[in-house]
Amino acid sequence: MLGMSQTHVDYRLSQLDQLEAESIHIFREVAAEFEKPVLMFSGGKDSIVMMRLAEKAFYPAKIPFPVLQVDTGYDFPEVLATRDNWVNRLGVRLIVASVEQALADGIVVDDGKTSRNRHQIGTLLNAIEENGFTAAFGGGRRDEEKARAKERVYSHRDEFGQWDPKMQRPELWSLYNGRIHEGEHMRIFPISNWTELDIWDYIGREGIEIPSIYFSHQRRVFERDGMLLSESEHNPCREGEVAEERTVRFRTVGDLTLTGCVESTASTIDEIIAEVAVARVTERGATRGDDRFSEAAMEDRKKEGYF
Amino acid sequence: MSTTNMDLLRFATAGSVDDGKSTLIGRLLLDSKSIFEDQLEAVEATSDAKGYDYTDLALLTDGLRSEREQGITIDVAYRYFATPTRKFIIADTPGHVQYTRNMVTGASTADLGLVLVDARQGLTEQSRRHAVILSLLRVPHLVLAVNKMDLVDFSEEIYEKIHAEFTQFATKLNIPDLEVIPISALNGDNVVNRSENMDWYSGPTLMHHLEHVHVASDRDLIDARFPVQYVIRPKSDEFHDYRGYAGQVAGGVLKPGDEVVVLPSGMTSRISKIDLFDKEITEAFPPMSVTVHLEDDVDVSRGDMIARVKNAPEPRQDIDAMVCWMTTTPLKPRQKLAIKHTTRTGRALVKDIQYRLDVNTLHRDQETKELGVNEIGRVQLRTTVPLLSDAYAKNRATGSFILIDEASGVTVGAGMILG
């Protein structure tokens, strides 16, 4: 295995191996203590790292819980392809909760102003409730955003799926408290302590498959609110916007109507790492329209039950 | 820059806004180029809107709206930065006495504690309390950063006075390694770059010390402790007879061939192999998450512990511990709680509260027979299941536990086992 030598003269573990060990510990702890966990899988790089960690935590047994994807209907086809490859290789059960179905069933209401990203909240909470999941693994990292910096690894959600930042349980050592009441659930963030750079290093080290849109490619894009968005049938140009072909890649993947790309020629993991290491703008700041509305945008969405 | 082979330092900071703690963290992030342009721009805009003369770096770390409104850090915030050799995880904790529980939380995983004092004020009750808590939590390295040196004309005399006073106080505590560094967080003196204003100071800058402090030897590599977390049985054709005990090594070094005992049953066997994912490895040590296999078909399940035959913890139901109480309803004798220790969960009865420790003066108050929120005291517990524990001073992983209120499910106490 790369990064792990056979003899440890000084019994030192690299920081990436320490992060991996911590995350595997969390996966096993949840599998042992919760009746019905589920892994929230977006197909993005963070959830792919989670899949890899879950694979390692239980190997050679199969991952002992299903994966759940919230389908906005606006997902990148490349991401769905990668999702299917992972699910098939690991032989895990995939549950798809569709925002379109939730809208059709009246579980979430479209007021014409709210983004698909926001509609994911209701769709997700409904899927958790319907399936009776007691723990849901998410790929949130504390370095992503200020409100995330104070989130616990085990993050308690009440029966409405809400997060109360003032009522968070103290979390000490590696002793996690998974007690919940009927109807409540726990969000679990096994990669809390990973940074964007750690994620890329790990993907490179493990040699695992990620969606091709993370790598440089040609795409028809247009500028909106300072972001480069992909032109598609769901996301046509508005008046005054002009689409043109550019060499781009995505730093995060989400709803394609909201997720911007950056101009980049990085076509290998090493090139991406080099780019990330010198990046001067956070990945969310650069490319996520949903976090830009207010300084507390993420805190507000999290309280409502966002990932 | 690749992080693959870097090592890791977790440190906890304590101090209040007045000591310049958030400014210092902002400075570390800024000078190590870990702050992104959009984050800095947001903070500059807010500082500007508030009419400040300079960019308030504290705004980088105060994450929750209520904290920004009150201008104080309430909760533990985790921040990340890296230099070419090391990655750092900061547990940024509030300094006020009413948030002691948050400081205890941040210190529980820290290799190093960073206490800030204002050079103009010198040591205060608060800075002494921070040192006491870090010492109780057995954080092995302590840095006292004497901040705002620019406001005392970079006076060596003032630094020496605070240094001497703190060294004297520290003799009453368990602090194996202490460094006292004069800094100015606002201007960056001795944070990353050596100060030109304090040529009398020959010690390391704060960043240099954080980068070089030796933490690998802080772990217990002698006493093998492996709390079993999860039993892996694939029940597939390919791995029909596979039965592995998964967990994270809590102490010592495990090797195939080792004679081991499974607690609490006392059955003995030998380690046949150790798996790390799909590879067999020759040694496992803390904090590796591995899967251990035994030669004999002994009964092992979650909550058991694998240790060496001649070096194993004594299963104990009577527990003597320092407890930090974390909820508004006080802890009282005869109270029943849930307890979680390593991978073992049971119930605990409070037999006695021997004394309450005044974290400001170290005075032991034996009159009070209860612990209020944010108070720390020596508590005797009787547990329903035997704990397979070591003294916290010897092993933080096998010497710690949490107490959980059975009705609310909330974590209400943190315990450190004595003797």
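Two strands count as paired here if DSSP finds at least two bridges between them. Keep that in mind as you look at this predicted model, where each of the two chains described below has its own sheet.

**Chain A**

Let's begin with strand E1 (residues 37-40) and strand E2 (residues 67-71) of chain A, which pair in the parallel sense over two bridges. Within this pair, A:Leu39 lies opposite A:Val67 of E2(A). Both strands belong to an open sheet of six strands in chain A, with the order E3-E2-E1-E4-E6-E5 and mixed pairing. Why do strand E3 (94-98) and strand E5 (154-157) of chain A each have one side without a neighbour in the sheet? They stand at the edges with a single partner strand each, so one side is left free of a neighbour in the sheet. From one strand to the next, the twist averages 30°. Helix H3 (residues 77-90) of chain A packs on this sheet and touches E2 and E3 of chain A.

**Chain B**

Chain B also has an open sheet of six strands with mixed pairing, in the order E2-E3-E1-E4-E5-E6. At its edges are strand E2 (77-82) and strand E6 (177-182) of chain B, each pairing on one side only. Here the twist averages 25° from one strand to the next. Strand E5 (residues 141-147) of chain B runs parallel to E6(B), joined by six bridges, and B:Val143 has B:Glu179 in E6(B) as its bridge partner. Helix H6 (residues 156-170) of chain B packs on the sheet, touching strand E4 (112-118), E5 and E6 of chain B.

**Helix directions**

| Helix | Strand | Angle between directions |
|---|---|---|
| H3 (residues 77-90) of chain A | E3(A) | about 150° |
| H6 (residues 156-170) of chain B | E6(B) | about 160° |

Note on methods: Residues are numbered from 1 along each chain as its sequence is written. Chains are lettered from A and ligands numbered from 1 in the order in which they are written. This is a predicted model: local features need pLDDT of at least 70, side-chain atom pairs count only at pLDDT 80 or more; totals for chains, interfaces and linings use all residues. Side-chain values use heavy atoms; hydrogens and water are left out. Helices (H or I, at least four residues) and strands (E, at least two) are DSSP runs, numbered from the N terminus. Axes are lines fitted to C-alpha atoms, for helices over the stretch in contact, and angles run from 0 to 180 degrees between N-to-C directions. Contact means heavy atoms within 4.5 Å.
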